[in-house]
Amino acid sequence: MENTDKVLEVQNLQIDLKNREQPLRLLEHINLTLEKGRILGLVGESGSGKSLTCNAILQLLNPRQMAVSGSIRLHGRELTSLPDKEMRRIRGREIGCIMQNPMNAFTPVYTIGSQFMETLRTHNPSLSKAQSREQAIRALADMNLPEPARLMKCYPFQLSGGMLQRVMIAVSMCLRPALVIADEPTTALDVVNQLRVLRELHRLRTECGTAILLISHDLGVISQLADEVAVMQKGKIVEQAEVHQLFDRPAHEYTRTLLNARPLTALSGSKHAVKQQ
Ligand SMILES: Nc1ncnc2c1ncn2[C@@H]1O[C@H](COP(=O)(O)OP(=O)(O)OP(=O)(O)O)[C@@H](O)[C@H]1O
């Protein structure tokens, strides 16, 4: 019987760079499964293929540039064969994104409030303006953002990176996507804001049951939040294991190298701190 808790299933994903004498393989045999309410950390050095994997899931790769094969299913539904229009609906509604530079996710000339309300009403046209405003303010307050009614009137450049990240998580809290792809969500933040964002991501999965694919260079972040970790090297997954097992008994040489390369302070005293709060 089909496991209904399976949110994302990536099978045998392969990506080749076209328009060359010999196609260049960028991703090879990627297999990932993510269940409801679980967080899968994706780690690996720069250029190992983390962002390509995410962009393939989001169907954002240019087919003239990249040849993509394999299967990507969301709740059992194959995404690779969906028309663009349907995929646009799925992005945002069923798959949320939290990116490293949240400024890119907002239009600079509109207020936070108008963009938040517009997003809510696009995905739920029966909402009145007043209802969407009320919902947005409640969600911002829920994110522990100060003076949410005033914040609605601000433009994106008036907020810090950490605040914008939390606005994006607030949007996800309202839309309750099945899957959130968080690509280096804390990399650009100071430690206080990092902890706030991690806490809210943790809340997103516990309160909404959202499955989260978390990409991070920071093994401290992964150890605090992820249930499971996949390690990528040169376009392949070289090891995948439960977080405790991976940190305590890394099986692959490359994982050991990554763990040995982390700053000594990255994990001390903070292990699983977010989950415990
Ligand atoms: N549009 C593109 N054209 C050519 N090569 C690309 C393109 N996008 C990615 N690549 C190559 O694919 C490989 C994987 O890139 P990817 O961006 O997925 O790495 P990453 O693990 O996300 O790195 P980082 O942590 O620096 O973001 C790299 O070798 C990169 O140069």
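This is a short walk through one structure, and the model is a predicted one.

I will start with the open sheet. Four strands make it up, in the order 2-1-4-5, and their pairing is antiparallel. At the edges are strand 2, residues 24-35, and strand 5, residues 77-78, each of which pairs on one side only.

Strand 1 covers residues 6-17, and it pairs with strand 2 in the antiparallel sense over eight bridges. Strand 1 also pairs with strand 4, residues 66-74, again antiparallel and over eight bridges. If you want one residue to look at here, take Leu8. Its bridge partner in strand 2 is Leu34, and its bridge partner in strand 4 is Leu74. Further along, Asp16 stands opposite Arg25 of strand 2. The hairpin that joins strand 1 to strand 2 has six residues between the strands, and in that hairpin Asn19 has a positive phi near 55°.

Next, the core. The largest nonpolar core holds 69 residues, and the ones with the most contacts inside it are Ala170, Leu179, Leu213 and Leu214. Which helix gives the most to this core? That is helix 6, residues 161-175, with ten residues.

Let me stay with Leu179 for a moment. Apart from neighbours within four places in sequence, its contacts include Val7, Leu8, Leu34 and Leu74. You have just met Leu8, Leu34 and Leu74 as bridge partners: Leu34 pairs with Leu8 from strand 2, and Leu74 does so from strand 4. Leu179 is also in contact with Glu94, Ile95, Thr210, Ala211 and Leu213.

Now the helices. Is helix 6 enclosed or open to the outside? Of its 15 residues, 14 are buried, so helix 6 is largely enclosed by the rest of the structure. Its end C-alpha atoms are 21 Å apart, which agrees with the 21 Å that 15 residues should span at 1.5 Å a residue. Just after helix 6 comes Arg176, with a positive phi of about 50°.

Helix 7 runs over residues 191-208, 18 residues in total, and reaches 25 Å from its first C-alpha to its last, close to the expected 26 Å. Its buried residues are Gln194, Arg196, Val197, Leu198, Arg199, Glu200, Leu201 and Leu204. As general background, an α-helix has 3.6 residues a turn, so residues three or four places apart point the same way. After helix 7 comes Gly209, which has a positive phi near 70°.

On to strands 9 and 10. Strand 9 is residues 228-233, and six of the six are buried, so this strand is largely enclosed by the rest of the structure. Glu228, Ala230 and Met232 point one way from strand 9, while Val229, Val231 and Gln233 point the other way.

Strand 9 has two pairings to mention. With strand 3, residues 39-43, it pairs in the parallel sense over four bridges; there, Val43 has Val231 of strand 9 as its bridge partner. With strand 10, strand 9 pairs in the antiparallel sense over six bridges, and Gln233 has Lys236 of strand 10 as its bridge partner. Two residues lie between the strands in the hairpin of strand 9 and strand 10, where Lys234 takes a positive phi near 45°.

Strand 10 is residues 236-242, and Ile237 lies in it. Why is Ile237 counted as buried? The cut-off is 20 or more other C-beta atoms within 10 Å, and Ile237 is buried because it has 23 of them within that distance. Leaving out neighbours within four places in sequence, Ile237 is in contact with Ile30, Asn31, Ala230, Val231 and Met232. Ile237 and Gly41 are 196 residues apart in sequence, and their C-alpha atoms are 12 Å apart in space.

Last, the ligand. What surrounds it? The shell consists of Leu17, Leu26, Gly44, Ser46, Gly47, Ser48, Gly49, Lys50, Ser51, Leu52 and Gln65. By class, that is three nonpolar, seven polar and one charged residues. Helix 1, residues 50-57, gives the most to this shell, with three residues.

To recap: there is an open sheet of four strands, a largest nonpolar core of 69 residues to which helix 6 gives the most, a strand 9 that is largely enclosed, and a ligand with helix 1 as the main giver to its shell.

Definitions and conventions
Residues are numbered from 1 along each chain as its sequence is written. This is a predicted model: local features need pLDDT of at least 70, side-chain atom pairs count only at pLDDT 80 or more; totals for chains, interfaces and linings use all residues. Two strands pair if DSSP finds at least two bridges between them. A nonpolar core is a set of buried Ala, Val, Leu, Ile, Met, Phe, Trp, Tyr and Cys residues joined through C-beta atoms within 7 Å. A residue is buried if 20 or more other C-beta atoms lie within 10 Å of its own, exposed if 12 or fewer, and partly exposed in between; C-beta atoms are placed from the backbone. Two residues are in contact if their C-beta atoms, placed from the backbone, lie within 7 Å. The expected span of a helix is 1.5 Å times one less than its number of residues. A residue is near a molecule or strand if its C-beta atom, placed from the backbone, lies within 6 Å of it. Ala, Val, Leu, Ile, Met, Phe, Trp, Tyr, Cys and Pro count as nonpolar, Asp, Glu, Lys and Arg as charged, and the others, Gly among them, as polar.
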